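Dear colleague,

Please find below the structure I am handing over to you, followed by an account of what was found in it. I would be grateful if you could read the notes with the model open beside them.

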Amino acid sequence: MVAVRVELTCDAYLCCLTHAMSTEREEVMGLLLGEIIEEGEVAVVQVFSLYMMRRLDKQPDRVEISPEQLSSGAIEAEALSERMNRTVQVVGWYHSHPHITVWPSHVDVRTQANYQLMGRHFVGLIFSCFEEIDKVSNHTHFN
């Protein structure tokens with residue numbers, strides 16, 4: 001089965017975006033909570049909640065999720081499962097790229113590959129924020 005679509009509820013998207021916009025000095029991160037819906041030969045990753053995490057790495061342009069934080073996210077997903085009476089799990093992670101492109105760094109690619117060992121449908125989202133406006137052409141750079 002292949003994940004072909006990732007769906008975020010408006011609330012989950014706005015929470016991720018708000019978290020990303022909370023600081024322009026360093027990257028922020030969190031876990032995406034939701035479920036994987038099988039539709040025949042494909043899977044849809046539905047994200048409807050998130051688990052914001054505290055930074056561990058001292059470098060402002062790096063984020064790291066400890067095993068303890070991942071475990072806490074799984075516990076939060078389990079509690080959400082009970083409250084919603086549906087299966088909720090950690091389905092991915094997100095982080096911000098303040099003042100830089102949305103494209104993943106080599107560290108991001110390695111981190112994503114490691115997470116996908118837990119499940120091939122584990123998704124990663126990057127929120128590029130605080131981009132500068134091109135004053136010469138008066139256009140915003142969208143990455």
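**Helix H3 and its surroundings**

The buried residues of helix H3 pack against strand E4 and strand E5 (123–129). Please bear in mind throughout that the model is a predicted one. Helix H3 covers residues 106–116, and its buried residues are Val107, Asp108, Thr111, Gln112 and Tyr115. Viewed down the axis of H3, these buried residues fall within an arc of 130 degrees, so they line one face of the helix. This agrees with a general property of the α-helix: with 3.6 residues a turn, residues three or four places apart point the same way.

Thr111 belongs to helix H3. Its relative accessible area is 17%, which is under the 20% cut-off, and Thr111 therefore counts as buried. Between the C-alpha atoms of Thr111 and Gly124 the separation is 9.3 Å, the two residues being 13 apart along the chain.

**The largest pocket**

Thr111 appears again at the largest pocket, which holds about 150 Å³ of space. Ten residues line this pocket, and those closest to its centre are Val63, Glu64, Val107, Thr111 and Asn114. By character, the lining consists of four nonpolar, two polar and four charged residues.

**The nonpolar cores**

The largest nonpolar core comprises 15 residues, of which Leu31, Leu33, Ile65, Val88, Val90 and Trp93 touch the most other members. Two or more residues of this core come from each of strand E2 (29–39), strand E3 (42–53), helix H2 (67–84) and strand E4 (89–98). Strand E4 thus has a part both in this core and in the packing against H3. Apart from this core lies another, of 12 residues, including Ala12, Cys16, Val47 and Val123.

Leu31 illustrates the surroundings within the larger core. Leaving aside residues up to four places away in sequence, Leu31 touches Ser49, Leu50, Tyr51, Met53, Ile65, Gln69, Leu70, Gly73, Val90, Gly92, Trp93 and Tyr94.

**The overall arrangement**

The protein has three helices and seven strands, which follow the pattern β-α-β-β-α-β-α-β-β-β along the sequence. It has 143 residues, and 37% of them count as buried. Of the contacts between residues at least 6 apart in sequence, 69% join residues at least 24 apart.

With kind regards

Technical notes: Residues numbered from 1 in each chain as written. Predicted model: local features only at pLDDT ≥ 70, side-chain atom pairs only at ≥ 80, totals over all residues. Heavy atoms only, no water. 1 Å grid on protein atoms, 1.4 Å probe; cavity = no way out; pocket = protein on both sides within 12 Å on 5 of 7 lines; lining within 4 Å. Points joined across faces, edges and corners; volume = space filled by probe spheres on them. Nonpolar A, V, L, I, M, F, W, Y, C, P; charged D, E, K, R; others polar. Core = buried A, V, L, I, M, F, W, Y, C linked by side-chain atoms within 4.5 Å. Buried < 20%, exposed > 50% of the residue type's maximum accessible area, 1.4 Å probe, protein only. Helix = DSSP H or I, 4+ residues; strand = E, 2+ residues; numbered from the N terminus. Contact = heavy atoms within 4.5 Å. Arc of directions from axis to C-beta.
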